[in-house]
Structures are given as structure tokens and as C-alpha cells.
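Q: Hi, I'm new to this one. Could you walk me through it?
A: Sure, have a look first.

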Amino acid sequence: MIDWLQSVLTLAALGLAALAGVYVAVDRLTDGWLLAYVAVLAAGLVAQLVVGIVLLARTGADVNGLVFVAYLVGLVLVPPLSTFWALGEPSRAGTAVYIVAGLLVPVLLLRLDQIWTAGG
Amino acid sequence: MAERPATGRGPTSTGPGRVLIAVYAVFALAATGRSSVQLLTKLDEAPVSYLLSAGAAAVYIAATVGLARSTAAARRLAQAAIGVEMLGVLAVGTASLLHPGWFADDTVWSGFGAGYGYVPLVLPMAGLAWLVRTRQHR
């Protein structure tokens with residue numbers, strides 16, 4: 001996989017967790033700024049999905065394609081699903097869902113990289 | 001990240017419950033995905049481990065749905081699922097340390113969930129605490 005893209009996405013996701021943490025701490029509800037940040041992260045994850053599929057198609061290595069694509073798609077689903085769940089209740093707890101999402105993405109990225117590397 | 005709650009959200013799906021349900025949904029998906037791949041591609045390698053992981057997946061799904069919905073039946077489902085989850089992680093965690101030979105591969109609950117940052121150990125405690133905390137409102 002492309003290391004710099006994964007690093008950027010990891011930092012962006014941790015940034016989301018931190019930003020949502022600040023929102024929760026100062027009791028500020030999810031607003032346009034936070035949603036815009038989530039949208040940027042979502043765009044990055046979609047870009048990674050496309051790049052990942054292209055790299056998978058070109059690689060000669062024995063990567064577990066099904067699991068690899070499942071992780072790529074799973075990552076793309078995190079922003080919309082967490083947004084659905086976060087906006088379902090306009091409260092601190094709703095916004096705190098983004099902390100979970102922001103911490104989940106780096107874990108999935110790490111597993112994605114392990115699956116890619118395991119293929120040699 | 002989970003089932004759409006029934007109209008008139010129950011107490012378990014509001015406030016901190018939303019965060020709890022989000023984490024449960026993540027584990028429901030993760031355990032389901034992992035155990036399906038294992039059962040479909042290499043069941044014969046470690047059947048006990050993979051069937052345990054599949055059981056854990058079912059427990060996480062039941063807990064997610066039980067917490068997200070607001071009926072009395074859903075609360076009983078959540079109580080049963082989280083109770084089984086608590087016993088399961090303690091039993092499998094203990095067994096995996098005392099009798100590693102019983103398990104040919106790791107499960108979600110091996111070493112008390114060490115492979116998942118011990119979240120599988122903390123999650124049922126949080127779940128039970130949340131069920132107790134929301135009890136008087138029903």
C-alpha cells in the first residue's frame with residue numbers, strides 16, 4: 001500500500017477523535033466544521049479504496065483479495081455510519097461516537113497494511 | 001453504526017448508551033467478519049477456536065440489537081447477551097491461559113481479549129453497568 005496515504009489517513013482519523021473529544025469536553029454539539037472534517041476523511045478513505053483496488057489488480061503478490069477489499073470497503077463505511085449514529089441524538093454522547101470512529105479507523109488501517117504485507 | 005432504534009428510543013440507546021452501542025456494533029461486525037472467513041476457509045485447522053469466535057459474534061450482534069432497541073424484550077436480550085459475554089470472556093480468557101492446548105488458534109476472547117486491546121474484557125463490564133444504571137427508568 002501507499003505508506004504516505006496511510007499515514008495521512010491515520011493522522012486525520014486521530015485528529016477527528018481529538019477534535020470530537022474537544023467538542024465533547026466543551027459541550028459543543030456536532031456542527032458544520034466537524035461534519036466537514038468527517039467529509040474530508042471520508043473522501044480520503046474513498047481515494048484509498050480506489051487506489052487499493054488498482055494496486056490489488058496490479059500486484060503479483062499473494063494478497064488475500066477478499067479480506068483486503070472488505071477492509072477497504074469497511075473503512076469507507078465508517079464515516080457515513082458513524083455520522084448516522086452521531087446525528088441520531090444531538091448530544092455530547094452523539095458527538096462522542098466520532099471519538100470511537102476516529103480511533104477505529106487507525107486500527108483498521110493497521111490491519112489493512114498487515115493483510116497487504118502478509119501477501120509478500 | 002447499528003440497528004435503527006425503534007420509534008421512541010429506549011433509555012439504553014440514549015446518552016452514553018450511544019457510544020456503547022457504537023463499540024458493540026464494531027465488535028459485532030469485526031467478530032462476524034473474522035469468524036465467517038475462518039469458518040469458510042479453514043474450519044478444520046482450529047474448529048474450537050473458530051466456533052467460539054462465531055459464538056462471540058452472535059453474542060455481540062444480540063447485545064447491539066438489544067441495547068439499540070427499546071422494548072422490554074430487547075432489554076432482556078441485552079441482559080442475556082451481555083451476561084453470556086461476561087462469562088464467556090472470563091471463561092475463555094482463563095482457559096486460554098491455563099490450557100493453551102485447547103485452542104489451536106486465538107479467539108476474540110483469548111487472553112481476556114488481549115488481541116483487541118482488552119476491550120472485550122471491559123465492554124461487558126460497561127454493558128452490565130449501563131443496564132443497571134438505566135434500570136430504574138423503565
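**Core and interface**

A: The largest nonpolar core has 64 residues, and Phe68(A), Tyr24(B), Tyr60(B) and Leu67(B) have the most contacts inside it. Such a core is a set of buried Ala, Val, Leu, Ile, Met, Phe, Trp, Tyr and Cys residues joined through side-chain atoms within 4.5 Å, where buried means under 20% relative accessible area with a 1.4 Å probe, protein chains only.

Q: Which helix gives the most to this core?
A: That's α4(A), with eleven residues. Helices here are DSSP runs (H or I, at least four residues), numbered from the N terminus.

Q: Is this model predicted or not, and how are things numbered?
A: This is a predicted model: local features need pLDDT of at least 70, side-chain atom pairs count only at pLDDT 80 or more, and totals for chains, interfaces and linings use all residues. Residues are numbered from 1 along each chain as its sequence is written, chains are lettered from A and ligands numbered from 1 in the order written, and side-chain values use heavy atoms, leaving out hydrogens and water.

Q: What is Tyr24(B) in contact with, beyond its neighbours within four places in sequence?
A: Its partners include Tyr60(B), Leu67(B), Leu123(B) and Gly127(B); contact means heavy atoms within 4.5 Å.

Q: Which residues of α4(B) are buried?
A: Among them are Leu123(B), Gly127(B) and Trp130(B). What covers the buried residues of α4(B) includes α1, α2 and α3 of chain B.

Q: New topic: how many residues touch between the chains?
A: 14 residues of chain A are in contact with 18 of chain B.

Q: And how many salt bridges there?
A: Zero, counting a side-chain nitrogen of Lys or Arg within 4 Å of a carboxyl oxygen of Asp or Glu.

Terms used. Buried < 20%, exposed > 50% of the residue type's maximum accessible area, 1.4 Å probe, protein only. Helix = DSSP H or I, 4+ residues; strand = E, 2+ residues; numbered from the N terminus.
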